[in-house]
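Trainee: I have a model open and want to learn how to read it. Where do we start?

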There are 2 protein chains.
Amino acid sequence: MLMIICDGLSDRPVKLFDHKTPLQAAKRPAMNSIAKRGMSGMMDVIAPGVVPGSDTAHLALFGYDPYTAYTGRGPIEAAGAGLKMSKGDVAFRCNFATVDPSMNVTDRRAGRIKSGTDELSKLLSGLKIEDVEVAFKEGSEHRCVLVFKGPGLDHRVSEVDPHTEGEVLVSKPLVPEATKTARILNEFVSESYRRLDAASINTKRRKDGLPPANIVLPRGAGSLGNLDSMPERYGLKCAGVAGVTLVKGICRMVGMDVPDVPGATGGLDTDYLSKGGSALKLLDSHDFVFVNVKAGDVAGHDGDFMKKVEIIESIDSMLELILRELHEDVVIAVTADHSTPVDVRDHSADPVPVMIAGGGSRMDSVKEFDEVSAASGGLGRIRGRDLLPIMLGMADRAKKFGA
Amino acid sequence: MLMIICDGLSDRPVKLFDHKTPLQAAKRPAMNSIAKRGMSGMMDVIAPGVVPGSDTAHLALFGYDPYTAYTGRGPIEAAGAGLKMSKGDVAFRCNFATVDPSMNVTDRRAGRIKSGTDELSKLLSGLKIEDVEVAFKEGSEHRCVLVFKGPGLDHRVSEVDPHTEGEVLVSKPLVPEATKTARILNEFVSESYRRLDAASINTKRRKDGLPPANIVLPRGAGSLGNLDSMPERYGLKCAGVAGVTLVKGICRMVGMDVPDVPGATGGLDTDYLSKGGSALKLLDSHDFVFVNVKAGDVAGHDGDFMKKVEIIESIDSMLELILRELHEDVVIAVTADHSTPVDVRDHSADPVPVMIAGGGSRMDSVKEFDEVSAASGGLGRIRGRDLLPIMLGMADRAKKFGA
C-alpha cells in the first residue's frame, strides 16, 4: 500500500481564474490516470465542518481517532526529536528564551539561537525532580522538547510560555489529577533558569551582545494516551517519507520507519523525484509506505495560485515516475490532509478529494482528479479515519468480523 | 449564514403525476439558481431510516445530537411559552381537561377551551410541593406548560395523560432516580383538580353547558440536559423566523432571538414575502439566521399534491426576493427538516435534498433542486447534524483542531 498525502492540496474555486481551483487549472496526467483506473470520492479528514491541523489530520489518515489519540503537540515533537515515550509520560514542546532577573520574558526565541543548544540540553537532561525523571532534547534553533517520566503524571496543565513578551506564567493544574505535574513543571522551569543563566555559553553570548538562552518555556503538554503503534494495530511494516519535522514526528510516534531522504526539505524546493524514488524503494521492504509532499500547503498559505498550480504539476511528475514502476497489485491512494485555499491562506474545513486504485479496487466513471470530479465518484463521502481501513480492504489485508 | 428549512418539503414519486415529486413538478427558478451556483446532496436529518419529528429534526439541524439533547417535548414547549428553565428542572406539556368526580377523563381538551385559561394558570403557578417550586403557563386553547424546579428531579417518569377518555393515570418512576418526581407530579395533578374544579370560571362554564377545565394532564416530560446554547457553542449571534409555536420554542431554547414576524402564521396562508424580508433584515444584525416555512408539511399531511406544488412555488418566490438582495458572501442553505410525502400523509424517513451556496462554497454539476438531482451532488450523503458545521466551514467560522 502506498498513501500519498499532498499537504494542503485542495482548494476552492477562485474567481480570478475562471472559478477554477489550482488543481483544476493544473496539468495532471498522472493524477488523472489514477482516477481513471480507480475510485474517487470526497473526504472529511476529521469530520464535516472541522478544520484539520496537520497533526490531527495525519493521525486520522493513519486510522486513529484524533479526539482520543491527540492530547497535545508535545508527544509528536518528542517523537520527532527521537525521545522515546511510554504511556504515562508527559511531553512538552519548548523554546529556549531570554528572561531578565525578575523573570520577564524579553525574547521568546533567545535571538533565534543558532548553536550551542546541545550543550544547554546536557545541563537539563537527566535531572530528577521528586520521583520524576527529565528527558530533554534540543531541536532546530530555539526549539526544544521536554519529557517527564514518572508515576502520577497528567498532561492537563496550563502553559508556562506566555506566547508574548511579559512575565513567565506559573503552570496550574486544569484537573485535580494534574497537581503534581504542574508542581514539577514549575520546579523544572525555575531550575532551567538557575542552570542555564550561569552556563558558559550564555556568558559568551552576553559578551557578544546576544540575548542569553537562559530559560526553557514549555507549552503544548500531551501524553501518549492509548496509542498502539501501526505495526501493533495492523500487523504491517510501515515507512514514512516526509520533509517536515512535525510529520516525521507523527510517523515515528505511530511506529513507522522514517528514513532520511536526500533533498526532502518540506519547502518549495523539495526534491519530488527523490521522494518518489525513495517511496518505490521502501515498498520492497515495507507493507505500507506513506509520503507527505508539503509544498502545496506552503503556496496556499502564501495565497499564490500560480505557484500552487506549478507545485501540483511537479507532484504529478513525481506520480508519473512512481506509476511507471508501480506493480498493479499495490493499492495506491492520493489525497490531501486538509484544504489550504489560496483565498483563505490557512487550512479550511472543505473536504478533500481522494482516489484509490490498484489491488482489488473497483473502478468508477470519474476520469479526472479534482474537487468537483471526485465528488461524483464511487467512494462517496468518507472520513479520514476510514481511508486506511478501505485501503487494507482493497489490499486483502482487512480482518473478518464474525464468521 | 442563512438556513432555510422548508418544512416537510420533500416527497416520493407520485404515480398519478407521472412519477414526479411535488418538488419536481413545481416551477422553481430561484431554487435551481442556488443549486447551479453551489453544492447539492442528500441528508438524513437524524440517521438513515429514522423518521424525524419536527423537534428532533430542528435540534439536529442546529448541530445538536438529538439523542442526548432531546429528552422530551416539555422543555421545548416551556421555551415556546417563555418559561425559563435551568439544568435539573423538569418540564411537561399539558392539557387542561375535563374529569368527573371519580377522576375519569370525559374531555381531553376541556371543549377546546378558548378563554380564561390565564386565570386558571394563576391558581397553579407558584405552588410549592415539598421543596419543589411549580411554574405554570397557559398556551393556545387547552394547551399549557408545567415546570418543576428543585433538587433531585428526573424526567424519566410515566405520563399522567391517558391520551384518550378514561381514567387519569398515576405517574410511575421509570428509573429509581425519578421516584421523587413521580410523587410530586401525582400530587400536582391532584392539587390541580382541587383548585381548578372550584374555580369561578368553571362554575360559569358548567352554567353555560361547557365542560369545565378542572384538571391538568401532563405528558412529554423532559429536562434540558447539557444543552449549551448556540451563541455559547458557536460564538454566533443567532435569530430564528418561524410561525409555528413548536419551532419558535426550539429556537428560543437554543438561544436564538425570535422576533414576531407579521403574517408568519405557520399555516397555508403564511406570508412568505414577509418572512423573506425579515430574514434579510435580521442578517444585518446576526451571524446566523434561520427561517422555517411550514406550509409544505401541512399539504403533505393533507395528501394534496397540487397544493404542495403551489406552496413550493410560493416559497420559490420568497427565495427569489431573498436572492435579489443577498450578498454573495452569505452562505445560504436550503433544505427540509423531513419528508412528508403526500402518499404517506405523515413524516417519512426518506432523506431530504439539501443545497448550499455562497461564501467559500465549491460548485458541482447539479443544476436543479429536487430529490433526484440533489442525490448526484458534491455534498454526498450527510447527516442533519453536519449541516451547520459545513456552513460554518464555508463561512470561514469553523475552528481548527490541532496545529
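Trainee: What distance separates the centres of domain 1 of chain A and domain 2 of chain A?

Mentor: Bear in mind that this is a predicted model. The centres, taken over C-alpha atoms, are 34 Å apart. Domain 1 of chain A covers 2-71 + 227-394, and domain 2 of chain A covers 76-223.

Trainee: How many residues does each domain of chain A give to the contact?

Mentor: Domain 1 of chain A gives nine residues and domain 2 of chain A gives seven. On the domain 1 side, helix 10 (residues 245-253) of chain A supplies the largest share, seven residues. By class, that side has three nonpolar, three polar and three charged residues.

Trainee: Now a strand. How do I read the burial of strand 11 of chain B?

Mentor: Start with the general idea. In a regular strand, side chains alternate between the two faces of the sheet. Now the case. B:Phe288, B:Phe290 and B:Asn292 point one way from strand 11 of chain B, while B:Val289, B:Val291 and B:Val293 point the other way. All of them are buried. Six of the six residues of strand 11 (residues 288-293) of chain B are buried, so the strand is largely enclosed by the rest of the structure.

Trainee: Which strands pair with strand 11 of chain B?

Mentor: Strand 1 (residues 2-6) of chain B pairs with strand 11 of chain B in the parallel sense, over five bridges. There, B:Ile5 stands opposite B:Asn292. Strand 10 (residues 238-241) of chain B also pairs with strand 11 in the parallel sense, over four bridges. B:Gly240 has B:Phe290 as its bridge partner.

Trainee: And a helix? Where do the buried residues of helix 7 of chain B sit around the axis?

Mentor: General idea again. An α-helix has 3.6 residues a turn, so residues three or four places apart point the same way. Helix 7 (residues 179-197) of chain B has 19 residues and reaches 27 Å from first C-alpha to last, close to the 27 Å expected. Its buried residues include B:Ile184, B:Leu185, B:Phe188 and B:Ser192. The buried residues cover an arc of only 160° around the axis, which puts them on the same side of helix 7 of chain B.

Trainee: Last, the chain contact. How many residues does each chain give?

Mentor: Chain B gives 21 residues and chain A gives 29. On the chain B side, helix 14 of chain B gives the most, with five residues. That side has eight nonpolar, six polar and seven charged residues. Strands join across the chains too: two bridges link strand 3 (residues 51-52) of chain A to strand 15 of chain B, running parallel. A:Val51 stands opposite B:Lys400 there.

Technical notes. Residues are numbered from 1 along each chain as its sequence is written. Chains are lettered from A and ligands numbered from 1 in the order in which they are written. This is a predicted model: local features need pLDDT of at least 70, side-chain atom pairs count only at pLDDT 80 or more; totals for chains, interfaces and linings use all residues. The expected span of a helix is 1.5 Å times one less than its number of residues. A residue is buried if 20 or more other C-beta atoms lie within 10 Å of its own, exposed if 12 or fewer, and partly exposed in between; C-beta atoms are placed from the backbone. The arc is that of the directions from the helix axis to the C-beta atoms. Two residues are in contact if their C-beta atoms, placed from the backbone, lie within 7 Å. Ala, Val, Leu, Ile, Met, Phe, Trp, Tyr, Cys and Pro count as nonpolar, Asp, Glu, Lys and Arg as charged, and the others, Gly among them, as polar. Two strands pair if DSSP finds at least two bridges between them. Domain bounds come from an automatic or database domain assignment.
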